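User: I am new to this structure. Please take me through it in short questions and answers.

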Amino acid sequence: GIAKEYGFNITTFDAGGNIVYPSYVCNPLCSIIKGTDCNKTCQKANQASYELVKKFLNSDEHLIAEDFASRNIIVVKEGKLPPIIVTSCGTRFGKYMLPITIDDEVVGLCGVCGIYLKEEKVDLDYIAECSGVEARKFEVILNEVLSPIPEKRVISLLAEMIKIINSTKKH
């Protein structure tokens, strides 16, 4: 699907922030990172994103982002849809947290990360430094395996995803 096509990673979290398996790691750089000390940075970014979702979920703040590549913490909240939290990990790959709600109650989160934005420069030196793997190996993967995705396509995909994952109603 889309995750494999663009090298996205998808992880689902329950309402307590715990990972619900299976988790899909389709970005080959992230697969390498998961087995190194860099994985701690990934875990911290997930936790920070989870905390931001909780903070903004019932807030009236509506920060609409047009520049996803800036990679600052951005909250995208439109209408009655839950907020989408936009951050990044140390690599500068995009990280998005989409709350999963049933009848306006948050029951979990869908984390979409490892997104290689066309407009973004991935920090290969950071990855090499914390993983102990030569930066050239990552450069080859980045240039020959991953397809950068335009930010407008990411926005479109996330909008579709959040509508789908929040369409469930309690019976």
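## Residue by residue

User: Which class does Glu 139 fall into: buried, partly exposed or exposed?

Analyst: The relative accessibility of Glu 139 is 34%. Buried means under 20% relative accessible area, exposed over 50%, and partly exposed in between (1.4 Å probe, protein chains only). So Glu 139 counts as partly exposed.

User: What kind of model is this, and what do its side-chain values leave out?

Analyst: This is a predicted model, where local features need pLDDT of at least 70, side-chain atom pairs count only at pLDDT 80 or more, and totals for chains, interfaces and linings use all residues. Residues are numbered from 1 along each chain as its sequence is written, and side-chain values use heavy atoms, leaving out hydrogens and water.

User: Which side chain meets Glu 139 in a salt bridge?

Analyst: A salt bridge puts a side-chain nitrogen of Lys or Arg within 4 Å of a carboxyl oxygen of Asp or Glu. By this rule the count is 1 salt bridge. The partner of Glu 139 lies 3 residues apart from it in helix α5 (residues 135-144), about one turn of the helix. At 3.9 Å, N to O, that partner is Arg 136.

User: What pattern do the helices and strands follow along the sequence?

Analyst: Helices (H or I, at least four residues) and strands (E, at least two) are DSSP runs, numbered from the N terminus. The protein chain has 6 helices and 6 strands. Read along the sequence, the pattern is α-β-β-α-α-β-β-β-β-α-α-α.

User: How much of the accessible surface belongs to carbon and sulfur atoms?

Analyst: Accessible areas come from the Shrake-Rupley method with a 1.4 Å probe; for residues, only the protein chains shown count as cover. Buried residues make up 46% of the 171 in the protein chain. The accessible surface comes to about 9200 Å², and the share of carbon and sulfur atoms is 52%.

User: Which helix gives the largest share of the largest nonpolar core?

Analyst: A nonpolar core is a set of buried Ala, Val, Leu, Ile, Met, Phe, Trp, Tyr and Cys residues joined through side-chain atoms within 4.5 Å. This one has 17 residues, and Phe 8, Ile 84, Tyr 96, Ile 115, Ile 149 and Val 154 touch the most other members. At least two residues each come from α1 (2-6), β4 (84-88), β5 (94-102), β6 (105-115) and α6 (151-165). The largest share, 4 residues, comes from α6.

User: How many residues are in the other core that lies apart from this one?

Analyst: In soluble globular proteins, nonpolar side chains tend to be buried together. The other core includes Leu 29, Cys 30, Ile 33 and Phe 93. Its size in residues is 13.

User: Where does β4 sit: enclosed or open?

Analyst: In a regular strand the side chains alternate between the two faces of the sheet. Ile 84, Val 86 and Ser 88 are buried on one side of β4, and Ile 85 and Thr 87 are buried on the other. With 5 of the 5 residues buried, β4 is therefore largely enclosed by the rest of the structure.

User: Which residue of β5 stands opposite Ser 88?

Analyst: Two strands pair if DSSP finds at least two bridges between them. β4 and β5 pair in the antiparallel sense over 4 bridges. Opposite Ser 88 stands Gly 94.

User: What phi does Arg 92 take in the hairpin of β4 and β5?

Analyst: Most residues other than glycine have a negative phi, and most peptide bonds are trans. Arg 92 is not a glycine, yet its phi is positive. The hairpin has 5 residues between the strands, and there Arg 92 takes a positive phi near 80°.

User: Which residue follows Tyr 21 across a cis peptide bond?

Analyst: The omega of this bond is near 10°. The residue after the bond lies in strand β2 (residues 19-25). The cis bond runs from Tyr 21 to Pro 22.

User: Which backbone nitrogen does the side chain of Asn 9 reach?

Analyst: Asn 9 is found in strand β1 (residues 9-14). It counts as buried, at 3% relative accessibility. A polar contact is a pair of N or O atoms within 3.5 Å; within protein, one must be able to donate a hydrogen and the other to accept it, and residues adjacent in sequence count only if both atoms are side-chain atoms. At 3.0 Å, the side chain of Asn 9 reaches the backbone nitrogen of Asn 27.

User: Which residues does Ser 131 touch, not counting those up to four places away in sequence?

Analyst: Ser 131 has its place in helix α4 (residues 124-131). Contact means heavy atoms within 4.5 Å. Ser 131 touches Thr 36, Cys 38 and Phe 138.
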